[in-house]
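Q: Could you take a close look at one part of this model for me? I'd like to start from a single residue and then see how the rest of the picture connects to it.

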Amino acid sequence: MRKLLLLALALAPVLAFSQGFQVNLEGQKQIGMGHTGTGILQDGASVFFNPGAVAMLPQNYVQGGISPLFFKSDFNPSGTSIQDRTANKIATPFSFYAAWGPKASFWKLGLAVYTPFGGLTDWGNTWQGKYVLESLDLKAIYFQPTISIKLADFISVGGGFVYNRGSVDLTQAIPLANSSGQPGQAELKGSGKGYGWNAGVYIKTEAGITIGITHRSQVTTTIPNGNAIFTVPGSLQSSFPQPNQFSSTIPLPATNSIGFGFYPCSKWILALDVNVINWDVYKTLSFDYTKNTPALQDTHSARNYTDAVSLRGGAQYKAKDNLALRFGGGYASTAVMDGYVTPEAPDANRVYGTLGLGYTMAKHLDLDISFEYEHLMQRTQTNNESQLSGTFKTNVYIPGISLAYHW
Amino acid sequence: MKTFKQHIYIIAGLLLLGACKPEVNTPKPYHGSADFTRYISIGNSLTAGYADGGLYLDGQLNSYPSIIAKQMQSVGGGAFTQPLFGADQANGSGYLSLTGFNPDGTPITTPVTTNLAVRGIQPIPGFGNVVLYTKYTGNINNYGVPGIKLLHIVYAPYGNLNGYYERLLPGNSPANSTTYLDFVTAKPFTFFSNWLGNNDALGYATSGGAGDVLTPKDQFSQLYGLLISKMTANGQKGVVGTIPDVTSVPYFNTVTVGAVLGAVQKANPTVKALYINALVSGATYAPRAATAKDLIILTFPTGKIGQPVVTPYGTLPYGLTPVTPIDNQYVLDENEVALTESYVSSYNETIKSIAAAKGLAVFDAFTFLNNIKLHGLVVNGVSLNSGYISGGIFSLDGVHLTPRGYAIVANEFIKAINAKYGSSIPLANVSDYRGVKFP
């Protein structure tokens, strides 16, 4: 008669593609200049930054780069002197571009493969928030074929189609102890796809200023058949049926950008970008399990993101014909309102600074290196849903290197 | 060679990146106006770390005073020694373990009877048999004694009647005559926690109002005053806990009248009600139909319902007629609940007013556990409530707490201490502590 009801256990996986997951690392030349590139023309990375500008590229490009990302987050639970830190794991955002067209033609074709969203966060299985999240490995790889057309000497347009291949691997502890007192484990692992597009226009004004305007569409990514793996004490396994699948849909938001390029003298380029990211599409995160039990219900967690803005600026100084020095920085507002901050990417307003060096190794070959430091403002939060309460502080260090061949 | 050197620099640079750690600056832990050099805890089973219907090593190691003491280390707290059972007798008094579930989802609990610390049985004339446990010799900071009431603290023969107390005393039952109050105050201390008083109401309630009596309100108040005067005689500071509403524990809320009646009606739809022997007033009891306001205890053997009972009116089913009501010991009926609540409320007034007069911190366990019963509690992503087993806070006996429950209570005590004395004892990490163990 002592009826046991385990349904109090609401297992709510957290998964928020927040600003923290927007990986602004799409080209070493551009990173060096504060990740500007909408309103200026540097290399094949324009396929990402402004498909409208590609037709204006004086040469054809094949290039690739990688930006190992060190994400270092610290959590101080409220009322304690504990410092919980993420493990040293290195995410590897990369980019690959090709832009080609006949010499002196009015059109160019482009192809881009890049990682605009992703995250690798590992808090371990002993920290305060282990029942919220232990680790998350999230990747989104965009494939983008593009065409760009020069309408006149001063204006070109372009657009591309985006196919996204996304994957997620999330682990969290389940607060059900086995006979030796160890908690259970949940792992949600799967991959899915989404589609989108982007377009841009690039203008050279008579005043010598260049202007770019782009729109990158929302890419709604669905994971239809992820594996939901639950390790719980044997007597409760029937409440967490195995094997089990989950499905989930996440809208990767649209981004609107305007960028400007200024050329005060032949050695200098100054660039300015403004982005508005439409995070407000992200209202709810739902996980739908194929097999439900009273203990394992579908979850619907409020996210209620707001639109975010980022401001970026940068400069390039051509010290020699074969050597360019770059620097830049920016500010990005957070999309995550108070009460919704979660540990997989503890988001906050952020500032960042960048440095870059470009070296032309041979007539057709550029070597570019970049370094970015991001600082997320310290943020003290109590999450509405998990009541996890404490202060997050995050720094990100991103070195990067790329090679570009052009002809 | 040159490129090799460059690589070295790059690798060294990357390693340096790996070394820079963000750090949230926290205020240095501070003891405030309290002195935690020698902290002692007094109280009953909850203080001793009793869980799953027994006192055993794992429960002792997760007692709330031991958790508080661990957190006090950073603000000048000294060593905290508990009267632990030895590793070879780790199961102490024995306890219940969850060994599975019946097909209907009800849990199966099995007593653990190996590696006990039982030393013998001492018959006490006029009282009964007292189970004696292996003696503990050594320092004691945690004076929690399962079963003790505030009523017993100045009762000299108590060291012969309670095996858990006898175990801490140098002498053997039945020759002891040290009162609990003298025992705990024999050595100097600088800070104390006191959570005595639960059993003065709970003893009556868990026996369905049949096997024990409520400590009279004026006696409670007199003894509590005496206790606190003695504990603060040398200006010691401390924290006290109020007494939880007995109806906030799963012991009284798991086997409900509705659930039992529903099960009976499934087998026999003509049954209209369960009958209990209920308190009318004073010491007068009369049978009546049970309502949802009558609380059946967790350990009621539901199989008794409907069993034939021979009466002067013929053979009648147990619990289903006014002639064969459920025994009083299994039910805390509505009037008994009200009576208990009025005593608990009076006890708590006493506790709060004496604590206020002496400038002590108060953990209001009554309000805290009632809030959990009404609204649940979410801690670090874990949903908790007052439910039996699934709730995560209460252990298998339905009254005492799991390690997770004790950690939550320890944090509430710490918050009360910090608020009163301006200290900053860091809170414990509740996520490190488990709920009920499942097979």
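A: Asn380(B) is buried, with a relative accessible area of 8% (buried means under 20%, exposed over 50%, and partly exposed in between, using a 1.4 Å probe and protein chains only). You will find Asn380(B) in the loop between strand E15 (377-379) and strand E16 (382-384) of chain B; helices (H or I, at least four residues) and strands (E, at least two) are DSSP runs, numbered from the N terminus. The model is predicted, so local features need pLDDT of at least 70 and side-chain atom pairs count only at pLDDT 80 or more, while totals for chains, interfaces and linings use all residues. Residues are numbered from 1 along each chain as written, chains are lettered from A and ligands numbered from 1 in written order, and side-chain values use heavy atoms, without hydrogens and water.

What makes Asn380(B) worth a look is its backbone: phi is near 50°, a positive value in a residue other than glycine. Most residues other than glycine have a negative phi, and most peptide bonds are trans. Chain A has a residue of this kind too, Gln387(A), with phi near 60°. Gln387(A) sits in the loop between E20 and E21 of chain A. While Asn380(B) is buried at 8%, Gln387(A) counts as partly exposed at 36% relative accessibility.

The peptide bonds hold some surprises as well. In chain B, the bond from Ser173(B) to Pro174(B) is cis, with omega near 10°, and Pro174(B) belongs to the loop between helix H6 (163-166) and helix H7 (180-184) of that chain. In chain A, a cis peptide bond joins Gln242(A) and Pro243(A), with omega about -5°. Pro243(A) falls in the loop between strand E11 (219-231) and strand E12 (245-252) of chain A.

Stepping back to chain B as a whole, there are 13 helices and 16 strands. Its C-alpha atoms fill a box of roughly 105 × 55 × 40 Å along the principal axes, and of its 439 residues, 55% count as buried.

Two helix pairs in chain B are good places to rotate the view. Helix H9 (residues 217-231) and helix H11 (residues 334-358) of chain B pack at about 25°, with axes 10 Å apart; axes are lines fitted to C-alpha atoms over the stretch in contact, and angles run from 0 to 180 degrees between N-to-C directions. That angle makes H9(B) roughly parallel to H11(B). Under 35 degrees counts as roughly parallel, over 145 as roughly antiparallel, 65 to 115 as roughly perpendicular and the rest as oblique. H9(B) passes H11(B) in a right-handed crossing (the near helix is turned clockwise from the far one by less than a right angle; anticlockwise would be left-handed).

H9 of chain B also holds Gly225(B), which is partly exposed at 21% relative accessible area. Gly225(B) and Tyr313(B) are 88 residues apart in sequence and 53 Å apart in space, C-alpha to C-alpha. In the second pair, helix H4 (residues 64-72) and helix H13 (residues 403-421) of chain B pack at about 50°, with axes 8 Å apart. H4(B) and H13(B) are therefore oblique to each other, and this crossing too is right-handed.

H11 of chain B leads on to the salt bridges (a side-chain nitrogen of Lys or Arg within 4 Å of a carboxyl oxygen of Asp or Glu), of which there are 19 over all chains. One of them pairs Lys352(B) with Asp364(B) at 3.9 Å, N to O. Lys352(B) lies in helix H11 and Asp364(B) in the loop between strand E14 (361-363) and helix H12 (365-375) of chain B, so the pair ties together parts 12 residues apart in sequence. Lys352(B) is partly exposed at 34%, and Asp364(B) is partly exposed at 24%.

In chain A, Lys89(A) and Asp122(A) meet in a salt bridge at 3.0 Å, N to O. Lys89(A) is in the loop between strand E3 (84-85) and strand E4 (90-91) and Asp122(A) in strand E6 of chain A, so this pair ties together parts 33 residues apart in sequence. Lys89(A) is partly exposed at 39%, whereas Asp122(A) counts as buried at 15%.
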